[in-house]
Amino acid sequence: ISSTVLPNVVNLDDFKTDKPKRSGFTLVFLGRLVERKGASELLAAFAKLTKVLPQARLIIGGSGVQAEQLLAWSHQHDLSHVKFAGFVQEKRKAAFLAQADVAVFPSLGGESFGIVLLEAMAAGAGVVIGGNNPGYASVLQPTPEALFNPHDAVGFAALLQRLHDDQLLVQRLHGQQQSLVKQYDVAVIGKKLLSYYKG
C-alpha cells in the first residue's frame, strides 16, 4: 500500500502584517522557555556575538520554567540588549515575528516538524534559522545555510554575524524562504487533501 504524507500548514493570510522598518540588528526567539527549545544556547551565542556587534538586540518571547534562570544569566553577563517579552498572544504573533532581522529557533531536538519556522517566514522575518534537529531540517532543507548546531556557541555566533555582514546571503535566503512558505499555505495543501478525498 502506498501512502502520501502531507505536511503541516500555515494560513498565510493570518500572518499578513505591516512590516516594521528595521533598524540595527534584531534577533527574535519565540517558544517555550524550557531546556529543549535552546534559549540557553541562544543566550550563550548572543553573548559572543555582542563582543563584535555590541548594538545587536535579542528579543525573547515565551514563558516557561527557565524564565527566571535565563533572565538571571543575562544580567550576570551584562546582556543589556536582551529583552524578555513574556508570553506572546496568538493575535500578536505575526507582528512579533515580523520585527526580526533573524528569527532564531535553536531547538535541541524532539521536533516533529517546525511550524514556528513557517510562521516566522509567513510574517516576513528577514531570515529564519533553526537548530539542526530532524524536524527543523525537514523544513529548512532547501536553505541548508539556515541550519546550525545549537551546542556549538562559537559556530552559532559566527552564523549570526555572517547574517549581519553578508547582505547578499540574507537577500537570497529571504527570497528562497518566502517562496518556500507558499508551498505550505493552507490553500495549497488543502487542495491536495481534497483531491485525495475525491480520489
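Let us start with a word you will meet often: a residue is called buried if its relative accessible area is under 20%, exposed if that area is over 50%, and partly exposed in between, all worked out with a 1.4 Å probe on protein chains only. Glu111, for instance, has a relative accessible area of 16%, so this residue counts as buried. Keep in mind that you are looking at a predicted model, in which local features need pLDDT of at least 70 and side-chain atom pairs count only at pLDDT 80 or more, while totals for chains, interfaces and linings use all residues. Residues are numbered from 1 along each chain as its sequence is written, and side-chain values use heavy atoms, with hydrogens and water left out.

Now for the overall plan. The protein chain has 199 residues, and 47% of them are buried. Its regular parts are eight helices and six strands; here helices (H or I, at least four residues) and strands (E, at least two) are DSSP runs, numbered from the N terminus. If you follow the sequence, you meet them in the pattern β-α-β-α-β-α-β-α-β-α-β-α-α-α. Contact is another useful word: it means heavy atoms within 4.5 Å. Of the contacts in the protein chain between residues at least 6 apart in sequence, 76% join residues at least 24 apart.

A good place to step inside is strand β2, residues 57-61. Four of its five residues are buried, so β2 is largely enclosed by the rest of the structure. What runs alongside? Two strands are said to pair if DSSP finds at least two bridges between them. Strand β1 (residues 26-30) pairs with β2 in the parallel sense, over five bridges, and Thr26 stands opposite Arg57 in β2. To get from β1 to β2, the chain passes through helix α1 (residues 39-49), and this β-α-β crossover is right-handed. That term has a simple test: with the strands pointing away from the viewer, the path from the first strand over the helix to the second runs clockwise. Strand β3 (residues 82-86) also pairs with β2 in the parallel sense, over four bridges. Here Ile60 has Phe84 in β3 as its bridge partner. The chain travels from β2 to β3 through helix α2 (residues 67-76), in a β-α-β crossover that is right-handed.

Next, look at the charged side chains. A salt bridge is a side-chain nitrogen of Lys or Arg within 4 Å of a carboxyl oxygen of Asp or Glu, and the structure holds six of them. One joins Arg36 to Glu111, with the closest N and O atoms 2.9 Å apart. Arg36 sits in the loop between β1 and α1, and Glu111 in the loop between β4 (102-105) and α4 (115-123), so the pair ties together parts that are 75 residues apart in sequence. Arg36 is partly exposed at 30% relative accessibility. Together with Lys37, Arg36 and Glu111 are linked in a network of salt bridges.

Another salt bridge brings together the side chains of Glu145 and Arg172, at 2.5 Å from N to O. Glu145 belongs to the loop between α5 (134-140) and β6 (147-148), and Arg172 to helix α7 (residues 167-182), so this pair ties together parts that are 27 residues apart in sequence. Lys93 and Glu90 meet in a salt bridge too, at 3.3 Å from N to O. In this pair Lys93 is buried, with a relative accessible area of 12%, whereas Glu90 is exposed at 57%.

Which residues of helix α6 are buried? They are Ala153, Phe156, Ala157, Leu159, Leu160 and Leu163. These residues cover an arc of only 155 degrees around the axis (taken from the directions from the helix axis to the C-beta atoms), which puts them on the same side of α6. An α-helix has 3.6 residues a turn, so residues three or four places apart point the same way. The buried residues of α6 pack against β1, α1, β4, β5 (127-131), β6 and α7.

Let us finish with a single residue, Val139, whose place is in helix α5. Val139 is buried, with a relative accessible area of 0%. Leaving aside residues up to four places away in sequence, Val139 touches Phe113, Gly114, Leu117, Leu118, Met121, Leu180 and Tyr184. Leu117 is 22 residues from Val139 along the chain, and their C-alpha atoms are separated by 7.7 Å.
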